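Let's take a friendly walk through a protein model with two chains in view. Keep the structure open beside you while you read.

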Amino acid sequence: MARRRSKAIQGDDLLREYERYDQHVDVVSILHWVFTESVELPGTVRHFERFPSIRVDGKTLTPDFTVLFHDGTAIIGEVASLALHQNSVDKLLSQLANYSAITRVPASATNNADVSDPDVLLLVPNSRGLTAIRRIHECIDDSAHDYQPVKPPVVAQYAKGDSEYTLQRLPDPRNGILAAGDRSQHLGLFLDSDFTAKAEHFASNKVAFRFINDSPATLYLATHLVLQTLPTQYFLSGQQVDVKPADLAELIRSQYGGGIRAGDIKQALELLQHAGYALDNRDGTWAVSLKPLRSRTESDVHRVIVEKAVKRAKSVIIPRERPAELPDQGALFDL
Amino acid sequence: MSMSRFDEALWAAANSGDIPALGDLVKNVEGKPAEAIVVETVILNEGSIFDRFAGQLVNVGPRSVLQVFDDRGNFTLLAEPTTREGIYHLIGSVPSSDGRWKRVERTLVTSSPDLTPCFLNHDDFADLGTSLSEFGAVEVRAMSARHRLHTKSVTTTWQKLESQLRPDPQTAILEAEEAETSVRTLRLHISEVLDVHLRRLSGATYYGGDFGVFSSIILARLADAAFRRRNLMHGRARQVAQPTPAPIQITLPVPAFKSASDTARVIEELAAPQRLSHAVLHRNPYLQVSVIDHSDGSNFDVLVTRPDTIEVQPGFRASAGALTALVQQLTDRFAAEDIRERKVAAPVSLYSLMSG
């Protein structure tokens, strides 16, 4: 089957997104661990939601996490890798503005609870920390800009170390401050220090939940499909299998709790199609190979996918045969 | 080349439909030259024990005997069930250094994950030696060990002296560990009781002496250790809507993973077998690698978050055999001390993670 023409695959971009998404998963896993497994904070938390979906004014908002405290206050969390161009800043501020309008956050897997004046916590890489503060407050100071929150967001930066991440609230006087509420122990105490979370503490959380609420990096999800989802579900199904993106998304959500939509799966399958490992059947299903993905020069599967996708490797998928057309039997009655 | 006395007697007994007890079988063929009895203790996870072996098979009750045809001389293998479910001793009389036994070992490798050997925990291996001390002074005649940080092996032998006993197993193991090596095999001698070779990759060779002691002490302990390993690895796949089971923790005697280049050795090890594929999610040196075993679709996360520990977290499809094979491969390669379920850690105080 002829492939649709599409723009060239940028291998470096795929690898960068893969690494960035993995770091974002790390950061959310750290906060998840801090609020649910540490000594100090779990007692203050009514519910931590890793995959929130909140309706506000007809819009569905999906911050990276929400924390509802027993004292009725809340944190709306977002992890972002702010790009320098204004579009990126405006897009992020639009998100933050929406979060400021949130009045109800998840209180369990099925219920929401009213909150007033939640804190919006923005986590950015340390290479963007000062820029984030400056750009956000330039916009706030510009009365013509749409972003005019009642209270400023709390911007913290994260730094990736050897086997740990350091998290710090930026000590800029314009930066927001996490409300302590009625809590003697709260995250602000720790973010105002050089708080360092070790991988040995949060890695189990990361493995358990694997994804975050943002759309995953396409390569990250494609790799997960090849190494985990497809063999788990279809190992005994032969050399290739037909799948529906919505079914795979639902399966992954059931396994890890959320974060994955059918559109994400479709993008990952498109990448695998470029790598010669999947094929759009054009009927809502995709044929995907279950064979090992190997290359002569690379053993790491995510790099093999990139290598093959960039080269537009020959497909290993056996296309479905068109059903034989019935022979013309002529009319029963010749008129 | 004709078969050994043990193999001839075993094959004849199998064909008669009446195989004597192992001890009687060994006793019946005693003579000169002495014949060694080689034992590999294995965990059967799926199928039958000789599924991947070529040869002529005879089943007698729960025991199976296989005659293997080989240009170097035919030989016979006995699959002897133990009192422990799923644990068998694979028994032959071809020396473990013989090319034909290497053929058996290669077939065992290709039988994974359905059939896996048991790489003993350090303490289980050390206990094998010390457990013999009730029968007399246990002397180490020879010991092989591998360096903890690379794959260099060292063999040490002790000559018999009239005036002095050779070292006992504990002393020899301690000596090896002081030299930063991990013991792989011990050749032990108890005067007038037993002459035996113990292998950490769960096996033993009987060279002579009281076979009853060999069977009741060595073989029983090998079976017990393999059974504990089997139970540890069973039922660990994740289940939807259930808490994630604790990972399997492989503990090294030294902090070997301090840098990204150190953890690269874990990646190299995962890249080596054809049955595995992997993708690195994170490495600096905190390492997270996603791994699949193509033998049965089992998938895992392999993590290094401490310099002296590797953890293997099974995914939603994870057979006991594939988990055992992966964990033991890493244990063997990095000369680890033991394999166990990670204990539930006490909650960590966030104040301990603040530097300011």
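Two residues are in contact if their C-beta atoms, placed from the backbone, lie within 7 Å. Please keep in mind that this is a predicted model.

**Where the chains meet**

With that cut-off, the contact between the chains takes 34 residues from chain A and 35 residues from chain B. On chain A, two or more residues each come from helix H1 (11-37), strand E11 (195-198), helix H5 (199-209), helix H6 (218-234), helix H7 (245-256) and helix H9 (301-311). Which element gives the most to this side of chain A? That is H5(A), with six residues. Sorted by class, the side of chain A that touches chain B has 15 nonpolar, twelve polar and seven charged residues.

**The sheet of chain A**

Now look for the strands. Strands of a sheet pair through backbone hydrogen bonds, either parallel or antiparallel. In chain A, seven strands form an open sheet with mixed pairing, in the order E1-E4-E5-E8-E9-E10-E11. Strand E1 (45-49) and E11 of chain A stand at the edges and have a single partner strand each, so one side of each is left without a neighbour in the sheet. On average, and ignoring direction, neighbouring strands of this sheet are turned by 20 degrees against each other.

One pair is worth a closer look: strand E9 (residues 154-160) and strand E10 (residues 164-169) of chain A run antiparallel and are joined by five bridges. You can find one partnership by eye, since Lys160(A) has Tyr165(A) in E10(A) as its bridge partner.

Helices lie against this sheet too. Helix H3 (residues 129-141) of chain A lies across strand E8 (119-125) and E9 of chain A. H5(A), met above at the chain contact, packs on the sheet and touches E10 and E11 of chain A.

Here are three angles in chain A to compare with your view:

| Pair in chain A | Angle between directions or axes |
|---|---|
| H3(A) and E9(A) | about 160 degrees |
| H5(A) and E11(A) | about 60 degrees |
| H6(A) and H8(A) | roughly 80 degrees |

**A helix pair**

Two packed helices are described by the angle between their axes and the distance between the axes. The axes of H6(A) and helix H8 (residues 262-274) of chain A come within 8 Å. Angles of 65 to 115 degrees count as roughly perpendicular, and H6(A) and H8(A) are therefore roughly perpendicular to each other. Residues of H6(A) in this contact include Leu221(A) and Leu225(A), while H8(A) brings, among others, Ala268(A) and Leu271(A). By class, the contact has seven nonpolar, two polar and one charged residues.

**Two domains in chain A**

Chain A is divided into domain 1 (20-209) and domain 2 (215-311). How many Å separate their centres, taken over C-alpha atoms? The separation is 31 Å. Six residues of domain 1 are in contact with seven residues of domain 2. On the domain 1 side, H1(A) supplies the largest share, three residues. That side divides into three nonpolar, no polar and three charged residues.

**One residue in chain B**

Finally, find Glu180(B), in the loop between helix H5 (169-178) and strand E9 (181-190) of chain B. Is Glu180(B) buried or partly exposed? A buried residue would need 20 or more other C-beta atoms within 10 Å, and an exposed one 12 or fewer. Glu180(B) has 13, so it is partly exposed. Beyond its neighbours within four places in sequence, Glu180(B) is in contact with His147(B) and Arg148(B).

Notes
Residues numbered from 1 in each chain as written. Chains lettered and ligands numbered in written order. Predicted model: local features only at pLDDT ≥ 70, side-chain atom pairs only at ≥ 80, totals over all residues. Helix = DSSP H or I, 4+ residues; strand = E, 2+ residues; numbered from the N terminus. Nonpolar A, V, L, I, M, F, W, Y, C, P; charged D, E, K, R; others polar. Pairing = 2+ DSSP bridges. Axes fitted to C-alpha atoms, helices over the stretch in contact; angles between N-to-C directions. Domains from an automatic or database assignment. Parallel < 35°, antiparallel > 145°, perpendicular 65-115°, else oblique.
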